[in-house]
Structure formats: structure tokens, C-alpha cells
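Visitor: Hi! Could you walk me through this structure? I'm new to this, so plain words please.

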Amino acid sequence: MRAHPRAGAAEPLRNWQEAVLSRVIRLSGYSAIVFVGLIFLFLVREGLPALVEVPLADLFSARWYPIEGYFGVLPLITGSLIVTVGAMAVAIPFGIGTAMFISEIAPRWAREVLKPMVELLGGLPSVVLGFLGMLVLSPFLRQALDLPTGLTALAGSLLLAGIALPTIVSIAEDALDAVPKSYREGALALGATRWQTMWGVTLPAARSGVLTAVMLGIGRAIGETMAVMMVTGNAPVLAVRLASIVAPARTMTATIAAEMGEVASGSTHYHVLFFIGMVLFLISLAVNVAASAVVFRQRTRAERVLS
Amino acid sequence: MDLSTIIAMMSSPRVLLIAMAILAAGCGPASNAATPPAAAEYIENRGSDTIVNLALAWAERYQQLYPEVRISVSGGGSGVGITALINGTVDLANASRQIKPEEMQEAQARGIQPVEFVIARDAIAVIVHPDNPVGQLTLQQLSDIYSGKINNWREVGGEDRPIVRLSRETNSGTHVYFLETVVRLGRSDSDTLFSADTLLLPSSEGIVYEVRQNPNAIGYDGLGYVPADLRVIAVARDAGGPFVLPSVATVNDQSYPVARDLYIYSAGEPAGAAAAYLAWILSPEAQSIVADLGFVPVAAESPGQAQAD
């Protein structure tokens, strides 16, 4: 009887809290969209004038030497692509393999050591990795592969793979871990081997989480600047041949980082650098849209099969 | 390799100096409050980005020695500094080139007679791996190497190895000076460019590390930044000419070809605080800062402007 009026008094307070909290949460949900939108608007405002100031044929030419007015962005785009693709070629198989090992095969004690170690690797500042890359990795690559110089796209790819790996492993492992135990037991009961269970049942069931892991890994790789700038040599060479992977390359991020600090605000060079930022933004957007499209299609197919 | 090396490597000296200059400026009012409010003398100093670090270091030290003097330093380029001098908005203009005749005429038309002081020298050393047998090159050969016409050390008397060209980033003053003086051989009508496969490294240290471990590499850097364990190339102006190694002596007698004077111009004969500051700049103490920052100090026998005040 006594408790009743008290609860009644608390009621409006709780409603009020409820209203505020739900608004705050809704706001933070929308804020991500607003921020991305504003960033894109800013990039467009600063970057689009480049299309007016530099003829398209020059903008998409193969020579980047901004202090003399050569604004060909193709070497930078191909440079970023070759370094990122190289990094993914290493990081995806290794990352998913490590995640499968940690989640499916490793004994409990090994898992408890491995997972924190991998996450620790993720916390390593990229400058430190870049420094190691410059002092250890690039001389090693030069000698091992008999290259003119070790400061190549490959060195950048390997470092980026190292930077993307922890992200991929950590998220993919969570996804694999979330697959219900009954799936594995069912597969094993049907006579599938351990490998068949992992490859045919667990991994496909965790598909969307694993794909998310890969996407976030690519996102980290393509946006990484410092480590790449230290080991790729930054020569703006058009990277279109297979051999370009063992030649120096200049990425979009390294170009922006190296040149933005000294550029006169409002100059053509400044606008072109923002235009490169825009291209970078659109590439990440395309990667994300493609990934969610794949996940969405697979999810609907899976639902069809189940129903 | 400890962390401080990494930090030292990554943070450009300019950022540090600006930070220190801000710090020094921030301390200003406090020290003013301590000393009687002396008529603060004010020197406005603007110009070349090549010299801005040096000018900041000088200004900072000078303000420690003479707290009553305020020195404001900014960059922008040699042209910006000289234009400001002509317009009468600065007391001292820093320039990495001599004043042009048309700038001189414009200044005189406004009743200003710029007076030139050589305050330091800047030399660029060309460096290769210590095991590289090539020890001397002409300017023409250097130009051909960096523009991509020569691609193997064999062509300049070395081993059969590919040449890996190293350069600073395009926004570095050293890059632009090397482009004009070496790649284009000082010809203003030339439009020769660095070969596209030239590695553009973000720091002097990056070039030094790569040259130290890669026998294919050739690089360049300010003379003061070159460590002793690398091979420095002797450079000749012409094929027949003497091959000269860069040093304080050869830079000061102008026999080393990849060197230039750095200037401060004052509007008319300097007077008051500016004159005292210029005299201090040419003193041994200020010139030791020159050496610390990788430039070449001017030799003591250079024109007796030190007695300007």
C-alpha cells in the first residue's frame, strides 16, 4: 500500500527519462549519416572545382607532378588499388584461416592466448609498423627478390596486411563463434569430416559476419597512410602491369598526407587533392555497398531455403 | 631503435620550431611583466620557406638573450618576403635567391634601397652507398640520371646495377632547388622533370636509411644532414672541370656547384634593433645554429657587415 504512491510519483520521471534517452539514442543513430553526408558535401565543394580547373584528359593522365601543373591522378588511383589488392590477397586467407583456427581448432588455452595477442597487434601504431617496414622488411625484400629497391607496393601490401589482419581475425572469429553448436554437431553426426564441417557448414553460416570482417579490413587498408608512405617509395608510376607489385607506387592517401600541408588553400593543387579525397570516399562507398548487397542477397536466399 | 628515434624522425623540425616559437611568444608577456616595461623593439621578418626554420631558431635564441626585442618570423617564399619589403610591411626579408633587377627597380621607385646580407649558405650533397665505386659525376650526368636518361650505374663508370633515384617530396625547398640547379642545369627555359619512377621520400632520414642499405640508390640532401658513413659524390660543373666534394670550405669559395647563398634583405642600411639583430646573426653563436640546421655557416672573412651597427 505504501509502495504504491511512490511508484506513481516515479512514473512521470521515468517517462521523461525515457523520452530524453530515446531521443539521444535516435540522434546518435542519425548523426553517423549526417556526418558522412557533411563530409561528402565538404569534399565535393572543395574537390569539384578541380574538374573545372583541370581538363579531364589531364586529370586522368599518367603524370603526377603538381608543382609543375601535372595533375594526372591515374598513377595514384592504380597505386592505391594495387597496394590494397595485394594486402587483401594476403590478409583475407590468413585472417580467415587464423579466425577458423582460433574458433574451431585451437585448444582453450591457445585461444585464450591467441585472441588477445591478435588484438594487441591491432593496437600497434601504424608508424611503428612503418618504421619496421622501412628498416627490416624493405631491405629483406630487396635481397630476397633481387629487386632494385625494397621500397615497393609489395612492402606496402605486406604492412597493410599486417594492419588489416587483427580487424579481420577478431570480427571473423566472433562471427564463427556465434554459429550455433547444433550446426557443427549436426554436420559431424551426418559423417562430415572436421574440415568439411568447417568449410561447408560453419563458415557459410557465419558468412555475413566474415564478409563484414573483410570489408572493415579493406577499409583499414585503403585508408592507411603513414605506414604506406614510409615503405612504398611514393613514386607516381602507373601501376597496370603485374610486375608493378614489385615496383614503387604512390597511393592516394600518401599523396594527400605529403602534399596537403604545404599547398596554398584554394589553388588548383588544393582542389585536386580534395578531388582525390572524393575518389577515395567513393571507392570505400562502392566497396561497402557491394558488400552489403552480397550479404543481403545471400540472406534472402538463405531465408528462402529455410522456409 | 627506441621510440624517441621514431618520434624524432616523424616530427619535422619545422613543427617543433613553430611550437617552440609559440612557446617563446607565450612566455613573452610574463618576462615583460618582470622587467620594467622597456620600449619593446619589434622586428618583422618574412620570406623564404627554405630559411624559415633557421630564422625561427635565430629569433627564438635572440629573444632569450634580449627579452626586450620581439621578432615575428613567417614564411611564404622569397618573393613574398621581398614584396613585403618593397611595400614596407617588414623590416627584414629572407630570400633563398638574389633580388631580381625588376624588384630592385620597384623598390627604388618607392624610395627603398634594399641592402643584401649573405647570412648562410645552402649546399646539397649527392650521396650513394659506401660500396658504390662511383665517386664523381658531372652536373650533366646527374641531370641525366634524375631525368631518367641514365638508368644503370655502368653508364657512369660503376657496376652493372640499376639506378634507384631518391628525392625529397615535391613540397620540399630542397626538391625545387635540386630540380632547378641539377635536373634543369640552371636553365630557366628547361622543362626537364624528375623521372616518374623517382622515389619521393617524406623525410631526409628516409633517404639516408635507403642509401645506407641499398647499393643501387642515389640520393641528395642538405650537406649538414649527411652522415659520415655514406659516400658523398664529387661534382663537376663540366665534363673537363674539377670534381669537387662539398664542404664548408668549397661551399664558401663557391667551387662546389650545387650550393647557393641565403640572403636577408633590409630596407635601407639597417638601424636600431634590426641592425643589432643582423650583427648577431653573423656572429659565431648564430652561425653555429646555422650548422645545427644543416646549412653551411658563412666564413668569417665574408663582407664586414657584422659591424653594421
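**A chat about two chains**

Guide: Happy to! Let's start with one residue: B:Glu169 counts as buried, at 4% relative accessibility. Keep in mind that this is a predicted model.

Visitor: Okay, and which residue forms a salt bridge with B:Glu169?

Guide: That is A:Arg250, and the closest N and O atoms of the two are 3.0 Å apart.

Visitor: Is A:Arg250 buried or exposed?

Guide: A:Arg250 is buried, with a relative accessible area of 0%. The cut-off for buried is under 20%, so that value falls in the buried class.

Visitor: How many salt bridges are there over all chains?

Guide: Searching the whole structure gives 20. As for the pair we just met, A:Arg250 sits in the loop between α11 and α12 of chain A, while B:Glu169 sits in the loop between β6 (164-168) and α7 (173-183) of chain B, so this pair joins two chains.

Visitor: And how many salt bridges are found across the interface of chain A and chain B?

Guide: The rule finds two there. There are also 10 residue pairs in polar contact between chain A and chain B.

Visitor: Which helices of chain A supply residues to that side?

Guide: α6 (126-145), α11 (226-231) and α12 (252-260) of chain A each supply at least two residues to the side that touches chain B. The biggest giver is α6(A), with seven residues.

Visitor: What classes of residue are on that side of chain A?

Guide: By class, there are 20 nonpolar, five polar and six charged residues on the side of chain A that touches chain B.

Visitor: How many residues does each chain bring to the contact?

Guide: Chain A brings 31 residues and chain B brings 31 residues.

Visitor: What area is buried between the two?

Guide: About 2,600 Å² is buried between chain A and chain B, and carbon and sulfur atoms give 66% of that. In chain A, the residues that lose the most area to chain B are A:Arg63, A:Tyr65 and A:Phe131, together 20% of what that side buries.

Visitor: New topic! What about salt bridges inside chain B?

Guide: One of them is formed by B:Arg61 and B:Glu285, whose closest N and O atoms are 2.9 Å apart. B:Arg61 lies in helix α3 (residues 52-65) and B:Glu285 in helix α11 (residues 284-292) of chain B, so the pair ties together parts that are 224 residues apart in sequence.

Visitor: How exposed are those two?

Guide: B:Arg61 counts as partly exposed at 30% relative accessibility. B:Glu285 is partly exposed too, with a relative accessible area of 32%.

Visitor: Got another one?

Guide: Sure: the side chains of B:Arg212 and B:Asp229 meet in a salt bridge, at 2.7 Å from N to O. Here helix α8 (residues 204-213) of chain B holds B:Arg212, and the loop between β8 (217-222) and β9 (231-232) holds B:Asp229, so the pair ties together parts 17 residues apart in sequence.

Visitor: Last thing: what span should helix α10 of chain A have?

Guide: α10 (residues 207-223) of chain A has 17 residues, so at 1.5 Å a residue the helix should span 24 Å. The end C-alpha atoms are 24 Å apart, which agrees.

Visitor: Which residues of α10(A) are buried?

Guide: Among them are A:Val210, A:Ala213, A:Val214, A:Gly217, A:Ile218 and A:Ala221. In an α-helix there are 3.6 residues a turn, so residues three or four places apart point the same way.

Note on methods: Residues are numbered from 1 along each chain as its sequence is written. Chains are lettered from A and ligands numbered from 1 in the order in which they are written. This is a predicted model: local features need pLDDT of at least 70, side-chain atom pairs count only at pLDDT 80 or more; totals for chains, interfaces and linings use all residues. Side-chain values use heavy atoms; hydrogens and water are left out. Contact means heavy atoms within 4.5 Å. Buried area is the accessible area (1.4 Å probe) that two parts lose on being put together, summed over both. A salt bridge is a side-chain nitrogen of Lys or Arg within 4 Å of a carboxyl oxygen of Asp or Glu. A polar contact is a pair of N or O atoms within 3.5 Å; within protein, one must be able to donate a hydrogen and the other to accept it, and residues adjacent in sequence count only if both atoms are side-chain atoms. Helices (H or I, at least four residues) and strands (E, at least two) are DSSP runs, numbered from the N terminus. Ala, Val, Leu, Ile, Met, Phe, Trp, Tyr, Cys and Pro count as nonpolar, Asp, Glu, Lys and Arg as charged, and the others, Gly among them, as polar. The expected span of a helix is 1.5 Å times one less than its number of residues. Buried means under 20% relative accessible area, exposed over 50%, partly exposed in between (1.4 Å probe, protein chains only).
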